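Trainee: Could you take me through one part of this model in detail, with attention to how charged side chains are placed and paired? I would like a single connected account rather than a list.

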Amino acid sequence: MDMVPDHIHGNFEWEVPPNCKCGLLKNTIEEKFFIVSNRVKSDGTNVVYCFFSNGDDMRLHHDGTPIQFCPWCGDKISVKKKSAAV
């Protein structure tokens, strides 16, 4: 996966912000454990990736694992970045 700054550093605004009943999804995105890609799914929402760490902040899966549901409460993930004006 191409790691460009707006994937990781939050240099974007939300059209549909992360939301789930437990609230942990939003926290993990803000803490950069889950990354919101610029890649868009067929439903118009962005792909979310989980990066597993070995505890020493070393990424075990460099490309990340795409996830579709909150791992804690099971809500379907539906986030969307605002498109940049061209």
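**Strand S5 and its charged partners**

Mentor: Glutamate 15 is partly exposed, with a relative accessible area of 45%, and in this predicted model its side chain meets that of lysine 80 in a salt bridge, 3.6 Å from N to O. Glutamate 15 belongs to strand S1 and lysine 80 to strand S5, so the pair ties together parts that are 65 residues apart in sequence. Lysine 80 is itself partly exposed, at a relative accessible area of 24%.

The next residue to consider is lysine 81, which also lies in strand S5, residues 80-81. Lysine 81 counts as buried because its relative accessible area is 7%, under the 20% limit. Its side chain reaches the backbone oxygen of valine 36 at 2.9 Å, and a polar contact of 2.7 Å joins it to the side chain of asparagine 38.

Valine 36 leads to the interior, since it is listed in the largest nonpolar core, an eleven-residue set that also includes Leu25, Ile29, Val48, Ile77 and Val79. Helix H2, strand S2 (34-40) and strand S3 (46-50) each supply at least two residues of this core. Valine 48, one of the core residues, touches Val36, and its contacts beyond four places in sequence also include Phe34, Ile67, Ile77 and Val79. In soluble globular proteins, nonpolar side chains tend to be buried together.

Past the strand, the side chain of lysine 82 forms a salt bridge with that of glutamate 13, again given as 3.6 Å from N to O. Lysine 82 lies in the segment after S5 and glutamate 13 in the loop between helix H1 (5-8) and strand S1 (14-16), so this pair ties together parts that are 69 residues apart in sequence. Lysine 82 is partly exposed at 44% relative accessibility, whereas glutamate 13 is exposed, with a relative accessible area of 53%.

The count of salt bridges comes to three, and another of them joins aspartate 75 to lysine 21, with the closest N and O atoms 3.5 Å apart. Here too distant parts of the chain are linked, aspartate 75 being in the loop between strand S4 (65-67) and S5 and lysine 21 in the loop between S1 and H2, 54 residues apart. Aspartate 75 is partly exposed at 23%, while lysine 21 is exposed at 65% relative accessibility.

For the setting of these pairs, the protein chain has two helices and five strands, and among contacts between residues at least 6 apart in sequence, 49% join residues at least 24 apart.

Definitions and conventions. Residues are numbered from 1 along each chain as its sequence is written. This is a predicted model: local features need pLDDT of at least 70, side-chain atom pairs count only at pLDDT 80 or more; totals for chains, interfaces and linings use all residues. Side-chain values use heavy atoms; hydrogens and water are left out. Helices (H or I, at least four residues) and strands (E, at least two) are DSSP runs, numbered from the N terminus. Contact means heavy atoms within 4.5 Å. Buried means under 20% relative accessible area, exposed over 50%, partly exposed in between (1.4 Å probe, protein chains only). A polar contact is a pair of N or O atoms within 3.5 Å; within protein, one must be able to donate a hydrogen and the other to accept it, and residues adjacent in sequence count only if both atoms are side-chain atoms. A nonpolar core is a set of buried Ala, Val, Leu, Ile, Met, Phe, Trp, Tyr and Cys residues joined through side-chain atoms within 4.5 Å. A salt bridge is a side-chain nitrogen of Lys or Arg within 4 Å of a carboxyl oxygen of Asp or Glu.
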